Each structure stands twice: as C-alpha cells, then as structure tokens.
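Let's take a walk through this model together, one element at a time. Keep the viewer open and follow along as we go.

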Amino acid sequence: ALPIFQSYDTIKIYYDNGQQVVTNALKASIGYALSKEAVIYRKADPKDYRLEQAADLMCAIELTALKFKAGENTETDHKQNYLKALRRKQAK
C-alpha cells in the first residue's frame, strides 16, 4: 500500500487532534514514510463532519467482522456491540 500513497503529489490527512499520542504517531509515521512536503494536515471536527463519523463507524464494524472471521476478536470487540451502535444511527 505504501507505493500507492507515495505515488500521489499530495496527501491530505484529516484528524480531530483528539488524542495527542495519536497525533504524534500520525505525524511521525507519515512524515517518515512520505515526503513531508506532500502531506497536508487538516483539522477535522467530528460535529461538523458527519460523513467522517459514518466512515469511521463502518470501518470499525468491518474490522471487527474481519477479526471475528479470523478468530482474532478481543474482549473489547465483544463489549463494543457495533451493530447496536449502527442501528441506533440508522434513519427511521
């Protein structure tokens, strides 16, 4: 996957800066793997970006499904109940 990202002239990263450790990890790893001049950081405010929230939830559900299929699910996966969260967010 890295060659795909390295083939772009510009990579935009949207993050809400919610956790400093995640912010530091993103900047360090992306700065190491990609040209720093090719990366643009944008603040993503969850209350303004519903599409990002929906995409995050869908990715979490898909990842959990893959983990269950591979038998690599964790106790947290059992407690999260992503399906219940998804159904709460569905339009009625």
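**A walk from helix H3 outwards**

Start with Glu62, which counts as exposed because its relative accessibility is 52%, above the 50% cut-off. Keep in mind that you're looking at a predicted model. Glu62 lies in helix H3, which runs over residues 50–69. Now look across to Tyr82: 20 residues separate Glu62 and Tyr82 in sequence, and their C-alpha atoms are 9.7 Å apart in space.

Stay on H3 and hop to Thr64, another residue of this helix. Is Thr64 buried or exposed? Thr64 counts as buried, since its relative accessibility is 9% and the cut-off for buried is under 20%. As for what touches Thr64, if you skip the neighbours within four places in sequence, there are contacts with Asp77 and Tyr82. So Tyr82 turns up again, this time as a contact of a buried residue.

Next along H3 comes Ala65, which is partly exposed because its relative accessible area is 41%. From Ala65 to Lys27 you count 38 residues in sequence, and 29 Å in space from C-alpha to C-alpha. Then there's Leu66, also in H3, and it counts as exposed with a relative accessibility of 55%. Leu66 and Tyr14 are 52 residues apart in sequence, with 25 Å between their C-alpha atoms.

That takes us over to Tyr14 and its strand. Strand S1 covers residues 11–15, and S1 pairs with strand S2, residues 39–43, in the parallel sense over 5 bridges. Which residue of S2 is the bridge partner of Tyr14? That's Arg42.

Now compare the two faces of S1. In a regular strand, side chains alternate between the two faces of the sheet. In S1, Ile11, Ile13 and Tyr15 make up the covered face, while Lys12 and Tyr14 sit on the uncovered one.

Two residues from that covered face, Ile11 and Ile13, belong to the largest nonpolar core, which has 5 residues and also takes in Ile30, Leu34 and Val39. Zoom in on Ile13 here. Not counting residues up to four places away in sequence, Ile13 touches Ile30, Val39, Ile40, Tyr41 and Arg42. Among these, Ile30 and Val39 are fellow members of the core.

Tyr15, the remaining residue of the covered face, leads us to helix H2. Thr23 is found in this helix, which spans residues 20–33, and leaving aside neighbours within four places in sequence, Thr23 is in contact with Tyr15 and Asn17. Thr23 is buried because its relative accessible area is 7%, under the 20% cut-off. Ala25 has its place in H2 as well, but Ala25 is partly exposed, with a relative accessible area of 45%. If you want a long line to draw in the viewer, try Ala25 to Asn81: 56 residues apart in sequence and 27 Å apart in space, C-alpha to C-alpha.

Last stop, back towards the N terminus. Tyr8 has its place in the loop between helix H1 (2–6) and strand S1. Tyr8 counts as partly exposed because its relative accessibility is 48%, which isn't over the 50% needed for exposed. Which residues join Tyr8 in a nonpolar patch on the surface? They are Leu2, Ile4 and Phe5, and together with Tyr8 they have about 410 Å² of accessible area.

Terms used. Residues are numbered from 1 along each chain as its sequence is written. This is a predicted model: local features need pLDDT of at least 70, side-chain atom pairs count only at pLDDT 80 or more; totals for chains, interfaces and linings use all residues. Side-chain values use heavy atoms; hydrogens and water are left out. Helices (H or I, at least four residues) and strands (E, at least two) are DSSP runs, numbered from the N terminus. Buried means under 20% relative accessible area, exposed over 50%, partly exposed in between (1.4 Å probe, protein chains only). Contact means heavy atoms within 4.5 Å. Patches are made of residues with over 30% relative accessible area and no salt bridge: like charges are joined within 9 Å, nonpolar side chains (Val, Leu, Ile, Met, Phe, Trp, Tyr) within 5 Å. Accessible areas come from the Shrake-Rupley method with a 1.4 Å probe; for residues, only the protein chains shown count as cover. A salt bridge is a side-chain nitrogen of Lys or Arg within 4 Å of a carboxyl oxygen of Asp or Glu. A nonpolar core is a set of buried Ala, Val, Leu, Ile, Met, Phe, Trp, Tyr and Cys residues joined through side-chain atoms within 4.5 Å. Two strands pair if DSSP finds at least two bridges between them.
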